Every structure is written in structure tokens, then in C-alpha cells.
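This report looks at sheets, helix packing, ligand surroundings and backbone geometry. Please keep the sequence and the structure in view while reading.

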Amino acid sequence: MASLLKFSPHNIFSRIPGTDEYYLVNLLSGNADVLKSEKAQEILEQRYTDVDEYTAKGYLVVPSEEERTFRRKYADFLDARDKDELQIFFVPWYTCNFACGYCYQETYGHQPGIPPTGVIDAFFNYVGRQFADRKKYLTLFGGEPLLSGAPYRSVITRFLENAGSAGLETALVTNGYTLEEYVGLFKQYRIREVQVTLDGMPALHDIRRPLKGGGATFERIVRGIDQALAAGLTINLRVVLDRENISGLPALARFAVEKGWTASPHFKTQLGRNYELHSCQKDRQKLLSRLEMFEELYTLIQRYPEILAFHKPAFSVARFLFDEGKLPRPLFDSCPGTKTEWAFDSTGNIYSCTATVGKSAEALGTFYPSVTLDQDLISKWEERDVTSIAACGTCALRLACGGGCASVAFNETGDLYSPDCRPVKELLGMGISLYFNKESHDNA
Ligand code: SF4
Ligand code: SF4
């Protein structure tokens with residue numbers, strides 16, 4: 001039996017930074033261990049003294065048996081995903097009142113305009129028919145969906161009314177500038193959450209996210225957040241990070257704590273990364289790679305642990321493991337596009353997700369004025385996962401990585417089935433150090 005055993009190709013094994021310990025994580029078997037250096041040395045030399053334990057934990061496997069487990073868990077993953085809730089984005093217009101330096105929609109060249117009411121009705125008809133059997137919620141996206149002025153407001157009101165009639169919740173992604181004006185309206189409808197972006201304290205935020213034509217925006221957004229929270233709406237505060245503003249994160253975190261936001265059950269946060277999604281960045285020097293961003297966060301959090309009261313970064317599956325005491329299910333696919341996410345815009349086009357919405361050459365079909373679907377292209381999107389991306393086939397990281405973002409992969413190579421690799425090993429190492437190995441950085 002022992003001779004049949006192999007070190008699982010799904011083992012992720014690496015050193016924990018700042019220590020001489022290693023971690024061993026296997027998403028397929030669902031086990032994770034921290035190993036002393038002597039035990040790690042045994043693995044490096046492929047001589048195992050804990051064969052029974054390692055076999056029980058799926059670190060040592062009979063390959064044919066592990067293959068059966070892989071197939072079973074893949075089938076479970078597909079089943080669970082089919083039952084997952086859909087997030088359906090709708091872009092009422094691409095017009096925006098901000099001039100953010102990093103806006104990826106900036107070069108799309110869309111015409112401003114209010115959509116005809118027929119578009120909204122056609123959207124709700126399509127969603128009702130096409131996704132009849134799925135759990136789902138809607139998300140208004142832009143451009144900026146919450147513009148000032150009666151014509152814009154009446155479209156948003158009509159949308160929320162339709163959503164209410166269909167029994168669906170609506171989330172909003174907004175720059176937050178007019179949130180104050182909209183809070184009263186939102187109280188009348190089922191709003192799941194409002195995502196608002198602040199990129200730091202005023203000195204940073206107002207440079208990065210000014211009004212079109214100039215003008216500060218921080219103070220008004222903060223008032224909008226205060227009012228939304230007071231009205232019981234959920235705020236999901238997003239910070240888009242790059243080299244220019246990442247060092248301002250501790251100050252923003254302290255501000256959110258002092259405002260009492262982080263104590264609210266209706267307050268959530270997310271950190272986004274400024275990256276070259278598909279248009280040219282004016283200043284690419286500012287961009288952080290995914291690894292660089294997490295390295296910066298790792299260093300910043302050690303120095304300013306108060307950041308964790310504001311946001312606990314995922315560091316791959318490390319935060320989940322710490323919070324839940326177990327690993328998440330294997331991630332055969334990390335890209336929700338066309339599986340649990342779709343995006344629609346007021347030109348009548350249908351897209352995979354927010355990364356492609358507005359790029360008419362990448363539309364997957366139309367819902368207005370008539371329904372057309374590029375079924376071949378949709379199938380290509382639907383079938384992209386770590387079992388269909390050739391490069392992922394032998395990658396030890398695949399069940400933590402999930403193959404990355406299809407849109408990023410396509411933009412880089414022209415091939416949807418190319419990988420968008422995540423630095424899983426490094427992220428796990430930092431996350432385990434940060435969340436589990438407090439001693440190592442208490443002494444750092
Ligand atoms: S995208 Fe890259 S890192 Fe991720 S599973 Fe595929 S090959 Fe591995
Ligand atoms: S293509 Fe990228 S942005 Fe779009 S759903 Fe997939 S992972 Fe998300």
C-alpha cells in the first residue's frame with residue numbers, strides 16, 4: 001500500500017514568512033496543518049514518518065482514488081453553483097458625474113442619454129423568463145446610476161418599482177455623491193446594499209475621485225454614508241488601491257472606526273485593486289500587482305493592526321480558515337461570469353459581467369429590441385473552469401485559485417481559456433502568518 005501512495009498533487013506546501021515553519025494545505029481533502037521545520041524537511045526529502053496521519057488527511061494519496069474524489073467534488077461544485085443566487089447587473093447609462101483617473105469605462109465613448117421605458121420593461125421580461133427558476137437579485141451599475149435630476153431619478157424609481165413587483169432585491173454600485181438625495185427613495189424599496197467608494201481621506205480621495213470639471217467629493221459621500229446607515233441601509237464601502245493611496249488605508253480605517261461605521265451591523269468593506277482591466281491606464285506606474293498589493297497590506301497591517309477592524313483581507317483562503325475553522329470547498333472556478341453573474345445595459349446588450357459590460361464587441365446577445373443569444377460564446381464562458389483551462393490541469397494551486405478572471409485572461413492573450421494566475425502560495429503564507437501565527441509578527 002505504502003508504495004502506491006503519492007504526495008497529493010493538490011497539496012500546497014510552502015514556508016510561512018518570518019518563521020521556519022511551513023504550511024500544508026489541501027483543498028480537495030479539506031485539511032490544513034502548520035509543520036515544524038523538521039517535519040517540513042521530511043516532506044522536502046520525500047520521506048514520510050507520519051504515513052497514517054498524512055493518508056487520513058489526504059496529503060498522501062492513491063492517485064486513482066484521489067481522482068474519484070476529485071470528480072465527485074467537481075460534480076458537487078457544479079450542482080451547488082446551479083443552485084446559487086444569480087447577481088444580475090443593469091447599467092441604465094454610462095454617464096457619470098465623476099472623472100476618476102483610473103476609470104476603465106473612460107474610453108468606451110458611450111453617448112449619454114435616458115433609456116426608453118421599453119428597455120427596462122424588456123429587461124424585466126427577459127430576467128423573469130430566462131432565469132425563472134433561479135434565486136437572483138439585481139444590481140444597478142453605471143456609469144453612475146444615481147445622477148441628480150428628475151429624468152434620471154424617474155428611471156431609477158421605475159426600475160425599483162419593477163424589481164419590487166418581481167419580488168427582487170436591488171443592490172446599487174454608486175460613487176455616493178448623490179446618496180443623500182436617494183436615501184429617502186431607497187427606504188421604500190428592498191435594497192440589499194449600496195456599494196460606495198472612498199479611496200482614502202480627502203487629500204487622497206478628492207484627487208483620485210473628483211467631480212467632472214473638478215470639485216471635491218469626500219464630504220458629501222461621507223454624509224451620504226452616514227444617512228444611509230442611519231436609515232438602516234447596508235453600506236459596502238470599497239477602497240480601490242494602488243501605489244498612490246495604499247499608505248492612506250490606516251487613516252481611512254481609523255476614520256471609519258471613529259465614525260462608528262465599523263460598529264454597525266449594516267457596514268461592510270471591500271478592497272479593490274486598481275488594475276488595467278482593458279483600457280490604457282494614464283499612469284501604469286501606480287498599479288500594484290495582486291501580489292504587491294497583498295505584500296503591502298501584510299506590512300501595513302503589522303504596523304497598523306487597526307486596519308483589521310475595518311477590513312480583514314482574504315489572503316487566498318487564510319481568512320476563511322481562521323474565521324470558520326475549516327477550509328472552504330474546493331474552488332473549481334473563480335469566475336462567476338455567465339454562471340452566477342450577468343450584465344445588461346440600456347442599449348439592449350447582454351454581457352457576462354461588469355468587466356465586459358459596455359464592450360459591445362464582447363456582447364453575448366441582446367434582450368432589446370429583440371432577444372438574440374450567441375449560444376456558442378455563452379457555452380465557452382460557461383465551460384471555463386480549472387478542468388477546461390489546459391494550464392490549470394496540473395497546477396497544485398487550482399482548487400484555491402479557480403483559474404482567475406476570464407476577462408483579464410482574454411484581454412491578455414485573446415484566449416478565454418488562458419489562465420489568470422493567483423499568487424496563492426504567497427498569499428496563503430502571509431495570511432497564515434498574519435491570522436494564525438501572531439507570535440511571529442509580535443516578534444517581528
Ligand atoms: S490560473 Fe494559474 S495559478 Fe490558477 S489554477 Fe490555473 S495555472 Fe494555477
Ligand atoms: S470575467 Fe472577471 S470580472 Fe467578469 S465575472 Fe469573471 S472574474 Fe469576474
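The sections below take these topics in turn.

## Basis

The model is a predicted one.

## The ten-strand sheet

An open sheet is built from 10 strands. Their order is S11-S10-S9-S8-S7-S6-S12-S13-S14-S15, and the pairing is mixed. The edges are held by strand S11 (267–273) and S15. Each of these edge strands pairs on one side only.

Inside this order, S8 sits beside S9. Strand S8 covers residues 170–174 and strand S9 covers residues 191–197. The two run parallel and are joined by four bridges. One residue pair can be named: valine 173 has glutamine 195 in S9 as its bridge partner.

## Helix H6 on the sheet and against H8

Helix H6 lies across three strands: S8, S9 and strand S10 (235–241). Relative to S9, H6 runs at about 175°.

H6 (residues 179–186) also packs with helix H8 (residues 218–230): their axes come within 8 Å. The crossing angle is roughly 20°. Angles under 35 degrees count as roughly parallel, and H6 and H8 are therefore roughly parallel to each other. Their crossing is right-handed.

Which residues make the contact between H6 and H8? From H6 come Leu179, Glu180, Glu181 and Val183. From H8 come Arg220, Arg223, Gly224, Ile225, Gln227 and Ala228. By class, the contact holds four nonpolar, two polar and four charged residues.

## The three-strand sheet

A second open sheet has three strands in the order S2-S3-S4. Its pairing is antiparallel. Strand S2 (11–15) and strand S4 (31–35) are the edges; each has a single partner strand, so one side of each lacks a neighbour in the sheet. On average, neighbouring strands here are turned by 10° against each other, direction ignored.

Strand S3 (residues 22–26) pairs with S2 over five bridges, in the antiparallel sense. Within this pairing, asparagine 11 stands opposite asparagine 26 in S3.

## Ligand surroundings

Ligand 1 is surrounded by Ala391, Cys392, Cys395, Arg398, Cys401, Gly403, Pro419, Asp420, Cys421 and Arg422. This shell divides into six nonpolar, one polar and three charged residues.

Around ligand 2 are Cys335, Pro336, Gly337, Cys353, Ala355, Trp381, Cys405, Ala406 and Ser407. How many residues of the ligand 2 shell are nonpolar, polar and charged? Seven are nonpolar, two are polar and none is charged. Cysteines appear in both lists: Cys392, Cys395, Cys401 and Cys421 around ligand 1, and Cys335, Cys353 and Cys405 around ligand 2.

## Backbone exceptions

Most residues other than glycine have a negative phi, and most peptide bonds are trans. Three sites in loops deserve a look against that background.

Glycine 142 and glycine 143 are joined by a cis peptide bond, with omega about 5°. Glycine 143 belongs to the loop between strand S7 (136–140) and helix H5 (150–165). Another cis peptide bond links tyrosine 368 to proline 369; here omega is about 0°. Proline 369 lies in the loop between strand S14 (365–366) and strand S15 (372–373).

Glutamine 46 has a positive phi, near 55°, and is a residue other than glycine. Its place is the loop between helix H1 (37–44) and helix H2 (51–56).

Notes:
Residues are numbered from 1 along each chain as its sequence is written. Chains are lettered from A and ligands numbered from 1 in the order in which they are written. This is a predicted model: local features need pLDDT of at least 70, side-chain atom pairs count only at pLDDT 80 or more; totals for chains, interfaces and linings use all residues. Side-chain values use heavy atoms; hydrogens and water are left out. Two strands pair if DSSP finds at least two bridges between them. Axes are lines fitted to C-alpha atoms, for helices over the stretch in contact, and angles run from 0 to 180 degrees between N-to-C directions. A residue is near a molecule or strand if one of its heavy atoms lies within 4 Å of it. Ala, Val, Leu, Ile, Met, Phe, Trp, Tyr, Cys and Pro count as nonpolar, Asp, Glu, Lys and Arg as charged, and the others, Gly among them, as polar. Angles under 35 degrees count as roughly parallel, over 145 as roughly antiparallel, 65 to 115 as roughly perpendicular and the rest as oblique. A crossing is left-handed if the near helix is turned anticlockwise from the far one by less than a right angle, and right-handed if clockwise. Contact means heavy atoms within 4.5 Å.
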